[in-house]
Amino acid sequence: MRVRATAATAALLLAALTACGDGDGGADSKAPAKAKASASKKVDCKDQNLDQGEWMKYCADDAGDGSGTGGDGKGGGEDMKLGDTASTIGSPSPADGGNGGGELEVTPTTVVYQKEAMGSVAANGVYAIITVKDKAPNAVSAAESAPIEGGGWQWLAPDGQALDEGENEASSITPSGFTGGGSIPAGAYKWRTIAFDLTKAQANGGAIMYTDGEGTTFRWKVPATDSGPELAALKKGMEGNY
């Protein structure tokens, strides 16, 4: 009887182990299918005609570090990526005399590096030209804060040096289709560019910073190579004889 009990127990243990093995095998067999499904979408992130939604979904994670300044578009935390939107407070006194102080959504999307742009040559070695979408989402117009107010845009070099937008001839780079600025009407948006005259070392792995009308600073990591969904439109906007 004792032998039979031992044999029966062993049979039960063997059945249990076999069942566990089948469960693991089932989990393993699902993993490749899931991976295959996630990899089924092939996107060329260097395609200059890739729309912004596709670029943000498949390419943005490789273009910069972090998931957002504080994760909510407010100051602090990790760097945002190009394509991430910061909800800011607009300038209380726009330079063009328009209404200001409302909420302003600021979204840098694309960067291009060029030694020459629109008839100007970078004094320090290379221009970093970045597209920015400004939107006044509510029933109040808004505008970017200006450097004279202690706000606006700066480039943060890898060694920590902060450089102002538009130095040397960078302020003269105004691509067609990206010349927006001043007050943004309520519920509307405009495209503009910001440009920096940098050395190659400053351009390699830098970031951009924007300080709004309340003095809050937002920061985005900038890829070291041409990147973003507006590449084709930006380069076309800089074509022509100047």
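In the predicted model, Gln154 stands opposite Met209 in strand 10. Gln154 also stands opposite Asp164 in strand 8. These two pairings place Gln154 of strand 7 (residues 152-156) between two partner strands, strand 10 and strand 8. Strand 7 and strand 10 pair in the antiparallel sense, over five bridges. Strand 7 and strand 8 (residues 162-164) also run antiparallel, and three bridges join them. Strand 7 is largely enclosed by the rest of the structure, because four of its five residues are buried. Five residues separate the strands in the hairpin of strand 7 and strand 8. Within this hairpin, Gly160 takes a positive phi near 100 degrees.

The wider sheet was examined next. It is an open sheet of five strands in the order 1-11-10-7-8, and its pairing is mixed. Strand 1 (80-81) and strand 8 form the edges, each pairing on one side only. Strand 10 and strand 11 run antiparallel and are joined by five bridges. Ala207 has Lys221 in strand 11 as its bridge partner. In general, strands of a sheet pair through backbone hydrogen bonds, either parallel or antiparallel.

The loop between strand 10 (207-211) and strand 11 (217-221) holds Asp212. Is Asp212 buried or exposed? Its relative accessible area is 3%, so Asp212 counts as buried, the cut-off being under 20%. A polar atom of the Asp212 side chain lies 2.9 Å from the backbone nitrogen of Ile89. Leaving aside residues up to four places away in sequence, Asp212 touches Thr88, Ile89, Ser145 and Phe218. Ile89 thus appears both as a residue touched by Asp212 and as the owner of the backbone nitrogen at 2.9 Å.

Charged pairs were then considered. Side chains of opposite charge can pair when their charged atoms come close. How many salt bridges does a search of the whole structure find? The search finds five. One of them joins Glu144 to Arg192, with the closest N and O atoms 2.5 Å apart. This pair links distant parts of the chain, 48 residues apart. Glu144 sits in the loop between strand 6 (126-135) and strand 7, and Arg192 sits in strand 9 (residues 189-198). Glu144 is buried, with a relative accessible area of 13%. Arg192 is buried as well, at 15% relative accessibility.

Arg192 has a further acidic partner. The side chains of Arg192 and Glu165 meet in a salt bridge, at 2.9 Å from N to O. Glu165 lies in the loop between strand 8 and strand 9, while Arg192 lies in strand 9, so the pair ties together parts that are 27 residues apart in sequence. Glu165 is partly exposed, with a relative accessible area of 28%.

Lys235 and Asp226 form another salt bridge, and their closest N and O atoms are 3.5 Å apart. Lys235 is partly exposed, with a relative accessible area of 26%. Asp226 also counts as partly exposed, at 31% relative accessibility. Which residues do salt bridges with shared partners join into one network? They are Glu144, Glu165 and Arg192.

Values for the chain as a whole complete the description. The chain has five helices and 11 strands. Of its 242 residues, 38% count as buried. Among contacts between residues at least 6 apart in sequence, 66% join residues at least 24 apart. The accessible surface comes to about 12800 Å², and 51% of this belongs to carbon and sulfur atoms.

Confidence varies along the chain. The mean pLDDT is 78, and 67% of the residues reach 70 or more. Over residues 1-40 the pLDDT is below 50, and this stretch has zero contacts in the model beyond near neighbours in sequence. Residues 63-76 also have a pLDDT below 50. Beyond near neighbours in sequence, however, the stretch 63-76 has 39 contacts in the model.

Technical notes:
Residues are numbered from 1 along each chain as its sequence is written. This is a predicted model: local features need pLDDT of at least 70, side-chain atom pairs count only at pLDDT 80 or more; totals for chains, interfaces and linings use all residues. Side-chain values use heavy atoms; hydrogens and water are left out. Buried means under 20% relative accessible area, exposed over 50%, partly exposed in between (1.4 Å probe, protein chains only). A polar contact is a pair of N or O atoms within 3.5 Å; within protein, one must be able to donate a hydrogen and the other to accept it, and residues adjacent in sequence count only if both atoms are side-chain atoms. Contact means heavy atoms within 4.5 Å. Two strands pair if DSSP finds at least two bridges between them. A salt bridge is a side-chain nitrogen of Lys or Arg within 4 Å of a carboxyl oxygen of Asp or Glu. Accessible areas come from the Shrake-Rupley method with a 1.4 Å probe; for residues, only the protein chains shown count as cover. pLDDT is the predictor's confidence in each residue, from 0 to 100.
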